[in-house]
Structure formats: structure tokens, C-alpha cells
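User: I'd like to go through this model with you, starting wherever you think best. Could you take my questions as they come?

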Amino acid sequence: MPRVLGERDVDKLKSYIVDLYKRFIPVKALPPDLGGRGELERARVLQEELEKLGLRVERFDASDPRAEGGVRPNLLAVLPGRDESRTLWVVAHMDTVPEGDPSLWRSNPYSVVVEGDKVYGRGVEDDGQGIVLALAAAKHLVEKGLEPRVNLGIALVSDEEAGSRYGLIYLLEKGAFGPPETDWFLVPDAGSPDGSKVIVAEKHIAWIRVTVRGRQAHASMPHTGLNAHRLGMMFSLELDRLLHERFTRYDERFEPPVSTFEPTRKEENVGNINTIPGVDTVYWDMRILPSYSLEEVLDTVRAVAYSFSAKTGAGVEVEPVALDEAGEPTRTDSVFVKGFLEAIREARGVEPKPVGIGGGTVARYLRRHGYQAIVWMTCDETAHQPNEYTRLSYVLADVDTLLHYLLNKA
Ligand SMILES: [Zn+2]
């Protein structure tokens with residue numbers, strides 16, 4: 001049973017959502033990093049739509065010579081609330097990943113196909129669902145003349161799929177939002193089929209490269225060399241053991257509830273079997289609970305490298321490839337988040353489950369700037385897959401929850 005929307009509202013919004021999808025999904029928005037021309041054309045369609053709803057829209061263009069028009073557009077629109085000093089921002093990204101192998105699709109990925117409750121197309125879930133959620137909620141408020149308790153901010157951003165440098169990170173650096181005391185964020189870009197999963201935290205991510213140097217030699221004369229491959233394996237095992245012994249904190253909010261340390265990629269060494277390799281290079285993917293600092297983990301890796309080097313005579317070099325700080329977890333008892341969890345509980349009849357994940361959402365950039373941010377929507381998680389779809393019933397349930405928050409809980 002919807003909380004805010006009546007039967008006729010549901011019917012009206014359903015056709016609005018389908019029409020809206022049909023207007024912007026066919027307008028491709030692939031980032032240049034993924035072989036596309038950027039988001040400008042799609043942003044124009046969406047800006048027009050926001051203006052049609054009577055919202056104030058501001059465009060923030062990040063310069064990118066590779067993209068159409070030389071820019072990566074970001075749209076900020078505001079529907080004023082009764083208390084104009086506070087804003088809930090709904091952040092959705094306009095860019096998508098490519099469709100992949102077209103033969104795996106049952107329909108054209110760029111023409112929206114509706115089958116019963118399901119809507120198919122590249123980007124209908126990731127993150128078209130966030131876009132239609134925000135616009136449908138705004139449309140309902142405007143058409144019914146309802147005033148939300150706080151401002152509804154809509155941020156349609158570029159460049160989420162390839163790093164956010166021209167998208168949310170750009171906006172944060174420009175100071176486009178209000179301070180963390182007044183502004184908070186809903187990121188509808190991941191979730192669960194019953195709408196209970198609310199992502200409130202992420203782990204730090206560290207990607208490092210470890211190079212072990214020995215001395216190349218003929219394989220029949222090992223005593224004349226120093227086998228970097230063997231030493232590399234020994235070092236990997238030693239590091240693996242030590243990291244898992246030292247960083248043992250358990251946080252049940254996270255899935256999985258521990259820090260993870262995985263050796264992953266390995267670089268090719270010698271091209272022939274009868275040569276003892278002189279260099280061994282391995283990469284690690286580490287996801288670290290935010291109660292640790294990235295620095296203390298890296299210090300541990302460096303200390304193990306130092307003692308291994310002293311013990312074996314091999315050179316061990318540790319280089320960060322990418323370090324991504326998680327920021328403080330979002331507090332579920334903060335006044336913003338508490339109200340939204342209540343809205344989920346009341347509008348959906350499910351108990352919201354705040355969780356932490358290994359990383360990968362834009363909420364980490366927001367948290368790093370001190371903002372409260374949750375990642376939430378209702379979906380079957382079909383992002384990046386062929387035959388990506390969402391359900392109209394999911395979108396409408398999310399619109400109802402968002403409206404319940406804005407009208408009754410904020
Ligand atoms: Zn996404």
C-alpha cells in the first residue's frame with residue numbers, strides 16, 4: 001500500500017516514467033573513457049524536462065576536450081521546501097556503460113521496451129532509475145502543489161562510470177552544495193529487491209604493486225642467480241599471513257565483515273622455461289575497514305618488505321597504484337538518515353538494513369567531504385548486464401518512499 005500516492009497518481013506517474021525513459025535512454029551518454037561522446041545531448045533533454053517542471057536549474061560544465069561540446073555537464077535543480085535552509089539532494093548519474101555484446105540483448109538496448117511491470121534498456125536501472133525517481137517525485141509535488149518540508153535538490157551528474165572526476169568530484173571541488181549541517185544526500189544507484197538495503201559505509205580501497213628483484217640466471221645454474229619468482233611467492237605468503245593476523249577487526253555492518261587482502265594480477269616474467277626470472281611483480285587489491293587508516297596498512301606492507309629484503313637479499317619495492325579513502329561512515333542516528341529510515345519502514349513495511357560494502361559508489365566522495373549520504377533504491381541489480389531492466393513497481397514504491405520522507409519525515 002503506497003503511503004502518499006493514490007491509485008490515480010500511480011497510473012499517471014507510471015506513464016510519465018515510461019515517457020521520460022523513452023526520451024532520454026535513446027540518447028546515448030557514454031563517457032569518453034568508455035569510447036563515447038559524453039553526456040551533453042542527454043543533459044539537454046533532462047535540463048528541458050527539469051525546466052518544464054518549473055525547477056531552477058544550474059549547469060556546471062567540467063571541461064573535457066574529448067567530449068561533445070568539450071564539456072561534461074552536471075545539472076543541479078532545486079524545488080524549494082518550507083524550510084529553505086535544508087536540502088535533500090538526490091544524486092543520479094547520466095552516463096552509462098556500453099551495451100556490451102548486442103547479440104545477448106533480446107531487444108535494442110537503446111529503445112525502451114516495456115513488458116508488463118518490466119522496463120528494458122541500457123541504463124534504465126543504472127542510473128536511469130535514479131533520474132526518473134527524482135523527476136517523478138518532483139513532478140508529483142509540483143502538480144499537486146505540495147510543499148516538501150525541506151528543499152528537494154536534484155543533481156544529475158556526469159562521469160560516474162569512469163571515476164567521477166568530471167562529475168561529483170568536480171561539483172564538490174566547486175563547492176556546489178551547502179554545508180554538511182544543512183545538506184545531505186540520497187544516491188539511488190544500488191539496492192535490493194525489497195528496498196531494505198541501505199548502504200551507509202564503504203571500505204578504504206588500496207591497490208598496490210609489489211616488485212621483488214633477484215638476479216636472472218640459467219635455470220640449470222640456480223646458485224649463480226636469485227630466483228625472483230620463488231622469492232615473490234614467499235613474500236606474497238608472508239605478507240598475506242601478516243596482514244590477516246594484524247588487521248582482524250570485525251564489523252558486522254559490512255559485507256564481508258572484515259578487511260580483505262587479495263593478491264590478484266601478476267605480471268608476466270621470462271618468456272622461456274629455462275631462465276630463472278630476475279623480477280617478479282604482483283598486484284594486491286585491499287579493502288580495509290574504515291576504522292583503520294590506509295596509512296597504517298601501507299606502513300605494515302612496507303615494514304614486511306624491509307625485513308624480507310634484509311633476510312633474503314632480494315629487493316622489494318612497494319608502490320601504491322590507487323588509494324581511495326572511504327571517509328567516515330554515515331551515521332544512522334543522524335537526524336537526516338533517521339527520518340529516511342523511518343520513511344522506508346513506514347512506506348515499505350520492511351525493516352531497513354544499514355550496511356557497509358567493499359567500495360565503489362560515489363557516496364564515498366560525499367562522506368569524504370563530511371556529508372551524510374546513503375545509497376538506496378529498489379532493484380534486482382541488473383546494472384551492466386545484457387537485458388538490463390527495472391520494474392515500474394520498484395520505481396513507484398521508491399517515489400512513494402521519497403515523497404513520504406519529504407512531506408512527513410524530513
Ligand atoms: Zn551507477
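Analyst: What follows is a conversation about the predicted model shown above.

User: OK, overall picture: how many helices and strands does the protein chain have?

Analyst: The protein chain has nine helices and 17 strands, and its C-alpha trace spans about 85 × 45 × 40 Å along the principal axes. Of its 410 residues, 56% count as buried.

User: And the zinc ion, which residues coordinate it?

Analyst: The zinc ion is coordinated by NE2 of His93, an OD atom of Asp126 and two OD contacts from Asp189, at 1.8 to 2.5 Å. Written along the sequence, the spacing of these donor residues is H-x32-D-x62-D. His93 and Asp126 link distant parts of the chain, since His93 belongs to strand β3 (residues 83-93) while Asp126 sits in the loop between β5 (118-120) and α3 (128-144), 33 residues apart.

User: Why is the arrangement of those four donor atoms irregular?

Analyst: The arrangement counts as irregular because the four donor atoms around the zinc ion subtend angles of 53 to 144°, whereas a tetrahedral assignment requires all angles to lie between 85 and 135 degrees.

User: Are His93 and Asp126 buried or exposed?

Analyst: His93 counts as buried because its relative accessibility is 2%, and Asp126 is buried as well, with a relative accessible area of 7%.

User: What about the peptide bond between Asp126 and Asp127, cis or trans?

Analyst: The bond joining Asp126 and Asp127 is a cis peptide bond with omega at about 0°, and Asp127 is found in the loop between β5 and α3. A cis peptide bond also joins Glu255 and Pro256, where omega is about -10°, and Pro256 lies in the loop between α5 (228-246) and β11 (260-266). As background, most peptide bonds are trans.

User: Switching to backbone angles, which residues other than glycine have a positive phi?

Analyst: Among them are Ser164, with phi near 70°, and His384, with phi near 70°. Ser164 is placed in the loop between β6 and α4 (168-173), and His384 lies in the loop between β16 (373-375) and β17 (389-391). As for their surroundings, Ser164 counts as buried because its relative accessibility is 2%, while His384 counts as partly exposed because its value is 43%.

User: Now empty space. How many cavities of 30 Å³ or more are there?

Analyst: The count comes to one cavity of 30 Å³ or more, and the largest cavity has a volume of about 40 Å³.

User: What lines that cavity?

Analyst: The lining of the largest cavity consists of Val91, Ala92, His93, Asp127, Val157, Glu160, Val187, Asp189 and Val362. Strand β3 gives the most to this lining, with three residues, and by type the lining residues divide into five nonpolar, one polar and three charged. His93 and Asp189 in this list are also zinc donor residues.

User: And the largest pocket, what is its volume and which residues lie nearest its centre?

Analyst: The largest pocket has a volume of about 740 Å³. It is lined by 31 residues, of which Glu160, Gly359, Gly360, Thr361 and Val362 lie nearest its centre. The elements giving two or more residues to that lining are β8 (197-202), β9, β14 and α8 (363-368), and the lining divides into 14 nonpolar, six polar and eleven charged residues.

User: You mentioned β9, so which strands does it pair with?

Analyst: Strand β9 pairs in the antiparallel sense with strand β13 (residues 279-288) over ten bridges, and with strand β14 (residues 315-324), also in the antiparallel sense, over nine bridges. Arg213 stands opposite Val279 in β13, and the bridge partner of Ile208 in β14 is Pro320. Strand β9 (residues 204-213) is mostly covered, with seven of its ten residues buried.

User: Last one, how many residues of β2 are buried?

Analyst: In strand β2 (residues 71-79), nine of its nine residues are buried. Both faces are covered, with Val71, Pro73, Leu75, Ala77 and Leu79 buried on one side and Arg72, Asn74, Leu76 and Val78 on the other.

User: What does β2 pair with?

Analyst: Strand β2 runs antiparallel to strand β1 (residues 56-63), joined by eight bridges, with Asp61 opposite Pro73. Five bridges join β2 to strand β6 (residues 150-157), again antiparallel, and there Leu79 has Leu152 as its bridge partner.

Note on methods
Residues are numbered from 1 along each chain as its sequence is written. This is a predicted model: local features need pLDDT of at least 70, side-chain atom pairs count only at pLDDT 80 or more; totals for chains, interfaces and linings use all residues. Side-chain values use heavy atoms; hydrogens and water are left out. Donors are N, O and S atoms within 2.8 Å of the metal (3.2 Å for Na, K and Ca); water is not among the atoms, so sites may look incomplete. Four donors count as tetrahedral if all angles lie between 85 and 135 degrees; four count as square planar and six as octahedral if opposite donors are over 155 degrees apart and all others between 65 and 115; anything else is irregular. Helices (H or I, at least four residues) and strands (E, at least two) are DSSP runs, numbered from the N terminus. Buried means under 20% relative accessible area, exposed over 50%, partly exposed in between (1.4 Å probe, protein chains only). Two strands pair if DSSP finds at least two bridges between them. On a 1 Å grid over the protein atoms alone, a cavity is a set of points where a 1.4 Å probe fits but cannot get out, and a pocket is an open set with protein on both sides within 12 Å along at least five of seven lines; lining residues have an atom within 4 Å of a point. Grid points are joined across faces, edges and corners, and a volume is the space filled by probe spheres set on the points. Ala, Val, Leu, Ile, Met, Phe, Trp, Tyr, Cys and Pro count as nonpolar, Asp, Glu, Lys and Arg as charged, and the others, Gly among them, as polar.
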